[in-house]
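Biologist: Please take me through the terms used for this structure. I would like to hear the reason behind each one.

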Amino acid sequence: MELYLPLCVMEALSRLEQAGWQAYAVGGCVRDMLLGHTPNDWDIATNALPAQTQAVFKGEKIVLTGLRHGTVTVLLQGQPLEITTYRVDGPYSDGRRPNYVRFTACIEEDLARRDFTVNAMAFSPRHGLRDPFGGREDLKGKKLRAVGRPELRFQEDALRVLRGIRFSACLGFSIEAQTAAAMERCAPLLGCISQERIEAEMMKLCCGRHTSQALEQYGGLLYSLPVWQGMSPRGWYSSILSRLEPAPALRLAALLWEGFGSKGEQVLHGLRCSKRLKEEAAKLLAFMGTPLPASRYEAKKAMAPLGQTLGGLALQWCAAAAPGGEEALLLCRQVLAENVCLCRSQLAVSGRELTAAGFPTGKAMGQLLDYLLEAVLREEVPNTPEALLSLAKSCRKNSLST
C-alpha cells in the first residue's frame, strides 16, 4: 500500500534531510495511513537534537513546551508538527512519565519504547516503512500486542492499560493474550494516574465504533478506577453504546445510565470533564430517568430541556434502549420536526416586550412567562405576539379582579 504524506509533513522531512539529518513520520499517523484513515495528528522523529531542529526551522513559528523530552513543535502551512529527537526513556518511578530521557541516533531504539506494535512504525518516502516489531502484520490481523515485555510497558505508564482498551474500542482489534494478561496484572496501577488523564481516555473509549465489544471483553479491568468501581456488569456488557452516534455527551450518559442507573448523575459530577459536557450529559441522564411521554404535551415537556440537538440524541437512546416505545418516539420526533415552542426563549414575546406593555418585572415576570409557556405547550393559544399579549392582559385582569 502506497502511503501519502501531506505537503507540510513532506516539507518538514525534506528540510531535515537536506540539513543532513534522518526524519520519519512515526506512531499513530503511520498506523492510521496503513489502515486507510486520515490521521488527526502528525508526529515526526529525527536524530537531530532539539537545538538542531530549531536551526533547521529558523523563521517558522516554534513552540518549545516539550523541550525536556526532546520535542519541538513547528507550525508549517498552518499544521502543528511535533518533531522529537530519537530517544530512550529512563525508569518510570511514578508510573506516568520517565524520570529522564536519553537521546539516541537509532530509530529502532526510539520505536522500542512505544506501547503497541501498531504504534511502533516509522515511514519516510526516502527510506520507506520501518517496522522492527511486526506492527504491519498485527494491523492485518487486527491485533494489539505490546512492544517487548508487556508487563514492563504497562508498569512504565499504567495509562497504557486504558489506551489498549481504547484502541480496541476504536479499531475493533482484539488484544493478544500475553498483552491482555499483563494489562490485567497492571490494572491496579491505574490508581496512580491523574483523573484528568483517565477521563480523557475514557471519553475516547466511549466514542469508539466498537465500544460495546471492547467493554464486554476488557471492561472488567476498569474496576481499578475509583470513579468507576461501582459500575454494574450491565454497564460494561451493554450492547447499546455502539448503536449510538459517537457524540460524547450521549455515549457518556448512556454508559453512566447502563452502569449506575439513577446514581449516574452523581457519578457524572465526580468526573473531570468539561462543564459543557457535564451539563449536556446531565440533561440526557435526566431524560433517561423519566418515563417515556404518552401524549404530545408530555413529549414537549420531555424535549424542552434538551432542544433540537440533544433531543435528537435522546431519541437515539430511546430507539436503542427502550423497545416498545414507538408511539413515544413518534411524538417526540414530530415535536422536534415541527420546531414548536418548547421553552421561554422561543415564546413570541419576551420579558422586555411585556415590560414595555406595563407588566411588572422580577419574580412576577418569571411567573407570567411560565404561565404563557404552559399555555403554548398545551396548545391553548398559538405562539404569536398578539395571542400571548392578549392572554397576559387577561391574566392580569383576572388577578386584579380577585
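**Terms and their reasons**

Modeller: Q77 lies in the loop between β4 (71-76) and β5 (79-85). Bear in mind that this is a predicted model.

Biologist: Why is Q77 called exposed?

Modeller: Q77 has a relative accessible area of 54%. The term exposed applies over 50%, so Q77 is exposed.

Biologist: What makes the phi of Q77 worth listing?

Modeller: The phi of Q77 is near 55 degrees, which is a positive value in a residue other than glycine. K142 also has a positive phi, of about 50 degrees, and is not a glycine. K142 lies in the loop between α5 (135-140) and β10 (143-144).

Biologist: Why is R344 called partly exposed?

Modeller: The relative accessible area of R344 is 39%. Buried means under 20% and exposed means over 50%, with partly exposed in between, so R344 is partly exposed. R344 is placed in the loop between α17 and α18 (351-356).

Biologist: What is R344 in contact with, leaving aside its neighbours within four places in sequence?

Modeller: R344 is in contact with G366, L369, D370 and L373. Contact here means heavy atoms within 4.5 Å. In addition, the C-alpha atoms of R344 and E374 are separated by 9.6 Å, and the two residues are 30 apart along the chain.

Biologist: Which residues of helix α15 are buried, and how do you know that they are on the same side?

Modeller: In α15 (residues 296-303), the buried residues are A299, K300, A302 and M303. They cover an arc of only 165 degrees around the axis, so they are on the same side of α15. These buried residues pack against α14 (275-288), α16 (307-321), α17 (326-338) and α19 (363-377).

Biologist: Why are α15 and α17 called roughly perpendicular?

Modeller: Their axes come within 9 Å and cross at roughly 65 degrees. Angles of 65 to 115 degrees count as roughly perpendicular, and α15 and α17 are therefore given that term. The crossing is right-handed. On the α15 side the contact is made by R296, A299, K300 and M303, and on the α17 side by L331, C332, V335, L336 and E338. By class, the residues of this contact are six nonpolar, no polar and three charged.

Biologist: What makes α7 roughly parallel to α9?

Modeller: The axes of α7 (residues 159-171) and α9 (residues 195-206) come within 8 Å and cross at roughly 15 degrees. Angles under 35 degrees count as roughly parallel, so the term holds for α7 and α9. α7 passes α9 in a left-handed crossing. The contact involves L159, L162, R163, I165, R166, A169 and C170 of α7, together with R197, I198, E201, M202, K204 and L205 of α9. These residues divide into eight nonpolar, no polar and five charged.

Biologist: At what angle do α7 and α10 pack?

Modeller: α7 and helix α10 (residues 211-218) pack at about 140 degrees, with their axes 7 Å apart. α7 passes α10 in a right-handed crossing.

Biologist: Which residues meet there, and how many of them are charged?

Modeller: I165, S168 and A169 in α7 meet T211, A214 and Y218 in α10. The contact has four nonpolar, two polar and no charged residues.

Definitions and conventions:
Residues numbered from 1 in each chain as written. Predicted model: local features only at pLDDT ≥ 70, side-chain atom pairs only at ≥ 80, totals over all residues. Heavy atoms only, no water. Buried < 20%, exposed > 50% of the residue type's maximum accessible area, 1.4 Å probe, protein only. Helix = DSSP H or I, 4+ residues; strand = E, 2+ residues; numbered from the N terminus. Arc of directions from axis to C-beta. Axes fitted to C-alpha atoms, helices over the stretch in contact; angles between N-to-C directions. Parallel < 35°, antiparallel > 145°, perpendicular 65-115°, else oblique. Left-handed = near helix turned anticlockwise from the far one by under 90°. Nonpolar A, V, L, I, M, F, W, Y, C, P; charged D, E, K, R; others polar.
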